[in-house]
Protein chains: 2
Amino acid sequence: MAEPKSIVNPLFLRDEDLRQGIELLFFAYRDFTARGDAILAKQHFGRAHHRVIYFVGRHPGMTVSALLGILAITKQSLSRVLSQLVREDYIVQKTGVADRRQRLLHLTDKGRALEAELTSEQRARIMAAYKDAGAVSVEGFRKVMLGVMEPASRKHFQTPDK
Amino acid sequence: MAEPKSIVNPLFLRDEDLRQGIELLFFAYRDFTARGDAILAKQHFGRAHHRVIYFVGRHPGMTVSALLGILAITKQSLSRVLSQLVREDYIVQKTGVADRRQRLLHLTDKGRALEAELTSEQRARIMAAYKDAGAVSVEGFRKVMLGVMEPASRKHFQTPDK
DNA sequence: GGTTTTATGTCAATATTGCTGACATAATAT
DNA sequence: ATATTATGTCAGCAATATTGACATAAAACC
């Protein structure tokens, strides 16, 4: 046989490397979310609550539609989680001024506190990994991750100000 | 105020960059698994079935314990999925020779076919991203991902032969 | 001004994934 | 002979997600 693929593909595109890529994503994502899940479980919340809190914290005043667009789940799925968060005073919905159909989403103080607790752990994890790897590696990480995601998802990373 | 953090942290460790890191992981992982989930749904399987098929394909003859160690779930959770896959002839269990308590796991032809269908899509996705990003970026990606995961998970990436 | 579309919410039924706890069997190790 | 290990299974529970159907209020269109 004499390895036909090694002629066609550069060394970093061998089947073994691609499988390693698959596994890097699996283990990194799993470990990345594990701690947050544990914190949430104490509040009887799950990862879905975390995502909602995270993105509402990131984009205060966002609409429900925009959140649905980011999370890519159905409104019925979001509804339960969002209702809980509103009911338990982590999120408030303010009627839109320009468009009164909209329920603009904001974190409450309680919501901000939980967001900080959850995100700080993940931010610390990313920071440690970035620091160890160095700026050049971080740029490579960024490029590969953007390549892995769907083109539609990349628009969340356009940097208008940078 | 005059941005005290920008003095302490290099440019690539600003809060904005760390948040972007969190989001890169979220979107990349979500999009990475979406297509496979869709294929599985037709078979009335889910992502858990994919993971089992993937790792059994990767390590033929592995024990149930080893699989549990990799997936980091309970044996009860694995049991349902594994039983289904055995019942529907995707995986066979062979009694261990040295230790007859073990049920060594192997894919059947049917299992290998499904594994190929699922993995080829993900491999193609990784390959495209790697190609676009280039070898240096891939090495950076690798470093960051290893940094993000738990030390215990890193042992799955030791390269005894390379 | 009447019709259509949009933004949001809700009810009901279902599937998948995970958990804990309890118990069982067979085989290996001490 | 006893303890431990590898594996399996039953039962119950919780979280996340789905589809489908229906409802309301507000904006947009003609």
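A:Glu23 is a good place to start in this predicted model. This residue sits in helix α2 of chain A, which spans residues 15-42. Because the cut-off for a buried residue is under 20% relative accessible area, A:Glu23 counts as buried with its 5%. Leaving out residues up to four places away in sequence, A:Glu23 touches B:Tyr54, B:Phe55, B:Arg58 and B:Phe157.

**How the two chains are related**

Two copies of a chain are related by a rotation about an axis and a shift along it. Here, chain A is superposed on chain B by a rotation of 180°, with 0.0 Å of shift along the axis and an RMSD of 0.1 Å. That is the relation of a two-fold axis. If you would like a landmark for the axis, look for A:Phe141: of the residues of chain A, its C-alpha comes closest, at 1.9 Å. The interface fits this picture, since 100% of the interface residues of chain A are also interface residues in chain B, so the copies meet through the same surface.

**The nonpolar core**

In soluble globular proteins, nonpolar side chains tend to be buried together. The largest nonpolar core in this model holds 92 residues. Within that core, A:Val52, A:Tyr130, B:Val52 and B:Tyr130 touch the most other members. Taking B:Val52 as an example, and setting aside its neighbours within four places in sequence, we find contacts with B:Leu67, B:Leu71, B:Leu78, B:Val81, B:Leu82, B:Leu85 and B:Ile91.

**DNA strand C**

DNA strand C is surrounded by 26 residues, and the closest are A:Ser65, A:Lys75, A:Arg101, B:Arg51 and B:Arg80. Of the atoms of this strand that come within 4 Å of the protein, sugar and phosphate account for 57%. Both chains take part: α4 (64-71) and α5 (75-87) of chain A, along with α3 (47-58) and α5 (75-87) of chain B, each supply at least two residues of the surface near DNA strand C. Sorted by class, that surface has four nonpolar, 13 polar and nine charged residues.

**DNA strand D**

Around DNA strand D there are 27 residues, with A:Arg51, A:Ser77, A:Arg80, B:Ser65 and B:Lys75 the closest. Sugar or phosphate makes up 57% of the strand's atoms within 4 Å of the protein, and the rest belong to bases. A base is reached by A:Gln76, whose side chain has an N or O atom 2.9 Å from a base oxygen of DNA strand D. Two or more residues of the surface near this strand come from each of α3 (47-58) and α5 of chain A, and α4 (64-71) and α5 of chain B. By class, the surface near DNA strand D has five nonpolar, 13 polar and nine charged residues.

The table lists backbone atoms paired with phosphate oxygens.

| Residue (backbone N or O atom) | Phosphate oxygen of | Distance |
|---|---|---|
| A:Val64 | DNA strand C | 3.4 Å |
| A:Arg103 | DNA strand C | 3.3 Å |
| A:Arg100 | DNA strand D | 3.0 Å |
| B:Val64 | DNA strand D | 3.4 Å |

In addition, a polar backbone atom of B:Arg47 is 2.9 Å from a phosphate oxygen of DNA strand C.

**Two backbone angles to check**

A:Ala72 is not a glycine, yet its phi is positive, at about 55°. Its place is the loop between α4 and α5 of chain A. B:His44 also has a positive phi, near 60°, and lies in the loop between α2 (15-42) and α3 of chain B. With a relative accessible area of 70%, B:His44 is exposed.

Notes: Residues numbered from 1 in each chain as written. Chains lettered and ligands numbered in written order. Predicted model: local features only at pLDDT ≥ 70, side-chain atom pairs only at ≥ 80, totals over all residues. Heavy atoms only, no water. Near = heavy atom within 4 Å. Polar contact = N/O pair within 3.5 Å; in protein donor to acceptor, adjacent residues only side chain to side chain. Helix = DSSP H or I, 4+ residues; strand = E, 2+ residues; numbered from the N terminus. Nonpolar A, V, L, I, M, F, W, Y, C, P; charged D, E, K, R; others polar. Least-squares fit on C-alpha atoms with pLDDT ≥ 70 in both. Contact = heavy atoms within 4.5 Å. Core = buried A, V, L, I, M, F, W, Y, C linked by side-chain atoms within 4.5 Å. Buried < 20%, exposed > 50% of the residue type's maximum accessible area, 1.4 Å probe, protein only.
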